[in-house]
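Work through the exercises below with the model open. Each one sets a task and then solves it step by step.

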Amino acid sequence: MKKLNKILALLLAAAMLLVLAACGGSGDSSDSGDSGSSGTAYNIGYNTWGSGSAVFDIMATIAEQALIDAYGCDASRSIDNNQADTELENIQNFISAGVDGILMQTCATTILPQAASECAAAGIPFVLSTFTGETEDREEISESNEYYVGAVSSDMYAEGYLIGQQAIEDGMTTAVLIGGNVGDEHFDTRVEGFTQAFVTEGGGTILNEARCSSPAEGQEKASAMLSAYSDADMIYVMQGSYVPGSVSAMETLSLDMPIYVTNADADCIDYIRDGTIVAATSGNELVGGVAAALLINYLDGNQILDDEGNPPELIMTGFIVNQDNVDDFETIYTDDDGPFTVEVLQSLLVRNDSSVDYDTFVDFMENHLTLEALIADRG
């Protein structure tokens with residue numbers, strides 16, 4: 001049936017091309033002389049787990065910069081409101097609307113198998129960005145779902161490890177932690193990395209963890225934890241959106257405790273600059289631009305596959321942000337147009353460069369998703 005569907009799709013596409021040639025073109029193509037946006041104006045749906053915070057705002061900005069500015073698509077955003085049911089419903093709505101592809105976040109990991117199955121049934125390709133579900137689910141989908149384009153994410157273990165390592169180097173010996181729900185793979189994996197560097201290798205001690213269902217609980221839970229463990233050397237905040245609540249709690253308790261952060265966002269900039277945040281990691285939002293490129297290549301008929309012929313799973317390691325490079329971080333993360341240059345995003349499409357392949361993407365993930373490289377792109 002899959003082969004038959006492909007043949008029918010090819011015959012339909014050929015017929016459409018004949019019609020377009022007879023009519024002299026189509027309004028669905030946009031050729032403004034910009035090689036990156038010339039080609040089909042695909043209709044792409046993308047979702048984010050939340051809204052109204054700097055971390056989700058930058059994710060949306062990056063998706064729009066890539067899809068609209070660089071790749072000439074029509075793009076529409078749905079917001080999941082931090083709810084698994086809403087996330088699945090948003091993806092189903094994209095499918096019902098007949099989008100050409102989905103730039104998908106599956107922060108609620110349990111929805112991935114059903115979302116992938118419904119995309120396959122509708123013949124809609126999808127790529128996973130930042131929040132990529134469970135490994136075993138992706139493996140099964142990769143083997144059985146021809147519409148799965150790949151996954152692009154950040155190494156959460158490395159993020160936590162880098163912070164734990166930096167804290168030990170700074171002389172910290174005891175820590176309290178605050179972040180999202182137990183069971184959320186992103187937060188749990190960051191804790192594992194931090195524990196390895198800070199406790200196992202560094203000899204430090206974790207005194208307590210406060211886990212929250214959302215940043216709205218941050219100040220209350222930080223206050224309770226800090227009241228009980230006010231003698232801790234530091235607090236590790238696992239996501240930038242939990243920084244304001246933690247700072248407010250310390251101000252109320254008249255504490256001056258060093259803060260270390262993973263997944264820092266634009267709202268952390270002033271805290272980094274004045275030293276309230278001693279060190280942070282960031283960068284995982286950047287993967288949305290890479291995921292979008294995988295999706296457009298697929299839709300163009302130029303699917304990127306890894307060395308074993310499978311949809312790629314690309315992973316970046318976050319970078320450290322501190323007082324030394326916070327100005328560059330501000331430049332990249334507060335630009336209304338997005339952190340990339342359009343030319344850099346366009347360089348990831350086969351339509352612009354026939355030499356683009358899997359190795360191109362691996363090199364981009366390893367060498368281009370850094371503050372230094374992004375600043376250099378701007379001249």
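Buried means under 20% relative accessible area, and exposed means over 50%. The model is a predicted one.

**Exercise 1. Decide whether T281 is buried or exposed, and find what it touches.**

Step 1. Locate the residue. T281 sits in strand β10, residues 277-282.

Step 2. Apply the cut-off. The relative accessibility of T281 is 0%, so T281 counts as buried.

Step 3. List the contacts, leaving out neighbours within four places in sequence. T281 then touches E159, L162, I163, V261, T262, N263, A264, F319 and I320.

**Exercise 2. Work out which residues have a positive phi without being glycine, starting from T130 and N263.**

Step 1. Recall the background. Most residues other than glycine have a negative phi.

Step 2. Take T130. Its phi is positive, about 70°, and T130 is not a glycine. T130 lies in strand β4. With a relative accessible area of 3%, T130 is buried.

Step 3. Take N263. Its phi is positive as well, about 60°, and N263 is not a glycine. N263 belongs to the loop between β9 (259-261) and α10 (269-273). N263 is buried, at a relative accessible area of 3%. N263 is also among the contacts of T281.

**Exercise 3. Check the span of helix α7, then describe its ends, its bend and its buried residues.**

Step 1. Compute the expected span. Helix α7 covers residues 185-201, which is 17 residues; at 1.5 Å a residue it should span 24 Å.

Step 2. Compare. The end C-alpha atoms of α7 are 22 Å apart, which agrees.

Step 3. Look for a bend. α7 has a kink of about 35°, centred on T195.

Step 4. Inspect the ends. At the start of α7, a side-chain oxygen of D184 comes within 3.0 Å of the backbone nitrogen of H186. After α7 comes G203, with a positive phi near 80°.

Step 5. List the buried residues. In α7 these are H186, F187, T189, R190, V191, G193, F194, A197 and F198. Their cover includes β4 (126-132), α6 (156-169), β6 (174-179), β7 (205-211) and β8 (234-237).

**Exercise 4. Describe how helices α2 and α11 pack.**

Step 1. Get the geometry. The axes of α2 (residues 54-70) and α11 (residues 287-299) are 8 Å apart, at an angle of about 35°.

Step 2. Assign the hand. The crossing of α2 and α11 is right-handed.

Step 3. Name the contact residues. α2 supplies I62, A66 and L67, and α11 supplies G288, G289, A292 and I296.

Notes: Residues are numbered from 1 along each chain as its sequence is written. Side-chain values use heavy atoms; hydrogens and water are left out. Helices (H or I, at least four residues) and strands (E, at least two) are DSSP runs, numbered from the N terminus. The expected span of a helix is 1.5 Å times one less than its number of residues. The bend at a residue is the angle between axes fitted to the seven residues ending there and the seven starting there. Buried means under 20% relative accessible area, exposed over 50%, partly exposed in between (1.4 Å probe, protein chains only). Contact means heavy atoms within 4.5 Å. A polar contact is a pair of N or O atoms within 3.5 Å; within protein, one must be able to donate a hydrogen and the other to accept it, and residues adjacent in sequence count only if both atoms are side-chain atoms. Axes are lines fitted to C-alpha atoms, for helices over the stretch in contact, and angles run from 0 to 180 degrees between N-to-C directions. A crossing is left-handed if the near helix is turned anticlockwise from the far one by less than a right angle, and right-handed if clockwise.
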